[in-house]
Structures are given as C-alpha cells and as structure tokens.
Amino acid sequence: MSLHLILFLAFGAVCVAGAINLLAQTHPINSALSLIVVMAALAGEYLLLGAEFVAAVQVIVYAGAIMVLFVFTIMLLNAGEEERTKGSRVAVLLGVPGMLLGSVLVAWVVLKHSGTGSVAIGALLGDPKTIGQLLFHDFLLPFEITSVLILIAIMGAVVLASKPQAVQKRRAH
Amino acid sequence: MVPLSYYLVLSGILFSCGMVGFLIKRNIITIFMSIELMLNGVNLSFVAFAAHWHSLAGQVFVFFVMVVAAAEAAVGLAIIIAVYRTRETLNIDQVNLLKL
C-alpha cells in the first residue's frame, strides 16, 4: 500500500464522514461546520492530484468566502433546530436507501467499466502560471462572461435582500 | 498510484450524499448546503479527470463551477432572507406559495 493510497483513503474517509455528519445533524450551524470539514479534506485530495492552485482556491473561496456567507445567514436569521414532519420521515425512509443504492450503483459501474487507468501523485502541475495562461488565453470568452454573471448576481442579491420599504421608496421617486 | 475509479467513486458518494440531503432535509439553508456538496463532488471528478488525461482544462472548469456556486450562493441566500422576512420560517413545508 503506497503512501499516496493511504493519504487518499484518509482524506476520503474524512470527506465521507463530514458528508454523513451533514445529513445527521439537525442544527444548520453543525451542518455548515461539517461542510467546511468536507471542503478542507477535498482540498487535500486536490493536492494529491497535483492541483495546488485549485486546492488553495478551494480553501480560500469555498471554505472561506462561501461558507462564511452561509454561517452569516444562519446567524442573521437565527435558524434553530430543524422541525421533523411526517413528510420528512417518509423522505428519510425513501432517501437513505436511495442514497445507498445510488452509491453502490455508481461504484459498481465505475469500478467495472473504467479500465485500469490510474493517477500518479502530482501527475500534472496545476501551478498558477500555467492555469492563468490557459484561463486568459484559451478560456478568455467564458472568463469574461462569468464577470457579467457575477455582476448580475451582485445586483440580484442586493435587490432581493434589501428591505421591501426601501424598494417601494425607490419606485416612488 | 491510485486508480482513477477510486476518485470517481468518492465523487459519486459525495454527490449522492448531497442528493439525499436535498431530499430529506427540511431546513432551506441545509438544502442549499447539500447543493454545494453536490457541486464539490462534481469538482473532484473534474480534477481527477484532468490529472488522468493530462489536460489542465478540467482544473480551469473547476474555477467556473466555483464562480457559478458563489453567484448561486449570493442570490440564493438573498432569496432565503426575502422568504424569511415574509414567512418568518425556514421550514420548506410551510413555504408552499410562490407569492411573497
């Protein structure tokens, strides 16, 4: 058993444990913290795959910015324990076997049909210089379109989250 | 050397955990976090395929997925705040009208 496989299994176990904990917890803040654990462990997997820059961005943007937004909203809305209703019990009864079935099916198909391809440690160098050249040369048009997307998202978030009275006052002017 | 299929299986497990969370959770914020979990599972398979095919395009796509996830989180959480302001609940069973 190589060190690479041991590290993969360790990070993968943390990932799966965090994902299952996200489902098991009833308070949203506990779910948010387990999602941060999943994202940090995934950053470790990205490092094993040689994607250093993606790993750094994963920690900074995902675990940093996006999850802070989630935790901020949970605290702003004072979200409490999840209420269990009849419908949610039915969903648990059908959903958990569904997840197990889906996972086993995916694992079976992938393990059976993916051939013998394997990934060496640091097989590909994902350093910022190469990624930047690719992003600003080959993917320039999608990059510019995402900037428009971000602008629209900012305006949408401001309009949706602003107080209704403020919107009406603006309309009256 | 780790087989590519191990990464794909891990990615599939994360995706199905996110999918089941989307279905069984009743808190709207937790449902939103399950969507992020699904996006993370997809990102892992992008990076694994990028390493397998020796092409950095997969890693660049991860950035686009992250940008879309960030935009989606900003707009979605704003919608959640707007819903909470009118309904004063985060339970999606009680949010059953499209009208605000």
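**Exercise 1. The interface**

How many residues of chain A are in contact with chain B, and how many residues of chain B do they meet? State also how much area the two chains bury and which polar links cross between them.

Solution. The model is a predicted one.
Step 1. Count the residues on each side: 82 residues of chain A are in contact with 69 residues of chain B.
Step 2. Take the area. The two chains bury about 6,700 Å² between them, and 78% of it lies on carbon and sulfur atoms.
Step 3. Find the elements. On the side of chain A that touches chain B, two or more residues come from each of H1, H2, H3, H4, strand E1 (118-119), H5 and helix H6 (140-161).
Step 4. Look for polar links. Eight residue pairs are in polar contact across the interface, both residues at pLDDT 80 or more, while the rule finds zero salt bridges there.

**Exercise 2. The make-up of chain A**

Describe the secondary structure, burial and surface of chain A.

Solution.
Step 1. Chain A has seven helices and one strand. Read from the N terminus, their order is α-α-α-α-β-α-α-α.
Step 2. Of the 173 residues in chain A, 36% are buried.
Step 3. The accessible surface of the chain is about 10,000 Å², with 75% belonging to carbon and sulfur atoms.
Step 4. Among contacts in chain A between residues at least 6 apart in sequence, 66% join residues at least 24 apart.

**Exercise 3. The nonpolar core**

Which residues of the largest nonpolar core touch the most other members? Locate the core among the helices.

Solution.
Step 1. The core holds 69 residues, and those touching the most other members are Tyr46(A), Leu49(A), Phe70(A), Tyr7(B), Ile29(B), Met33(B) and Ile80(B).
Step 2. Chain A gives two or more residues from each of helix H1 (3-24), helix H2 (28-48), helix H3 (52-76), helix H4 (86-113) and helix H5 (128-137); chain B does so from helix H1 (4-24), helix H2 (28-53) and helix H3 (57-87).
Step 3. Take one member in detail. Leaving out residues up to four places away in sequence, Ile80(B) touches Leu77(A), Ile28(B), Ile29(B), Phe32(B) and Leu90(B).

**Exercise 4. Gln58(A)**

Is Gln58(A) buried or exposed, and what does Gln58(A) touch?

Solution.
Step 1. Gln58(A) sits in helix H3 of chain A.
Step 2. Its relative accessibility is 0%, so Gln58(A) counts as buried; the cut-off is under 20%.
Step 3. The side chain of Gln58(A) reaches the backbone oxygen of Met39(A) at 3.4 Å.
Step 4. Not counting residues up to four places away in sequence, Gln58(A) touches Met39(A), Leu42(A), Ala43(A), Tyr46(A) and Ala63(A), and also Asn40(B) and Met66(B).

**Exercise 5. A salt bridge**

Find how many salt bridges the whole structure has and describe the partners.

Solution.
Step 1. The search over all chains finds one salt bridge.
Step 2. The side chains of Asp93(B) and Arg26(B) form a salt bridge, at 3.2 Å from N to O.
Step 3. Asp93(B) lies in the segment after H3 of chain B and Arg26(B) in the loop between H1 and H2, 67 residues apart.
Step 4. Arg26(B) is buried, at 11% relative accessible area, whereas Asp93(B) is partly exposed, at 33%.

**Exercise 6. Positive phi**

Describe the phi angles and settings of His54(B) and Glu88(B).

Solution.
Step 1. Most residues other than glycine have a negative phi.
Step 2. His54(B) has a positive phi of about 50 degrees. The residue His54(B) is in the loop between H2 and H3 of chain B and is exposed, at 53% relative accessible area.
Step 3. Glu88(B) has a positive phi near 55 degrees. Glu88(B) is in the segment after H3 of chain B and counts as exposed, at 63% relative accessibility.

Definitions and conventions
Residues are numbered from 1 along each chain as its sequence is written. Chains are lettered from A and ligands numbered from 1 in the order in which they are written. This is a predicted model: local features need pLDDT of at least 70, side-chain atom pairs count only at pLDDT 80 or more; totals for chains, interfaces and linings use all residues. Side-chain values use heavy atoms; hydrogens and water are left out. A nonpolar core is a set of buried Ala, Val, Leu, Ile, Met, Phe, Trp, Tyr and Cys residues joined through side-chain atoms within 4.5 Å. Buried means under 20% relative accessible area, exposed over 50%, partly exposed in between (1.4 Å probe, protein chains only). Helices (H or I, at least four residues) and strands (E, at least two) are DSSP runs, numbered from the N terminus. Contact means heavy atoms within 4.5 Å. Accessible areas come from the Shrake-Rupley method with a 1.4 Å probe; for residues, only the protein chains shown count as cover. Buried area is the accessible area (1.4 Å probe) that two parts lose on being put together, summed over both. A salt bridge is a side-chain nitrogen of Lys or Arg within 4 Å of a carboxyl oxygen of Asp or Glu. A polar contact is a pair of N or O atoms within 3.5 Å; within protein, one must be able to donate a hydrogen and the other to accept it, and residues adjacent in sequence count only if both atoms are side-chain atoms.
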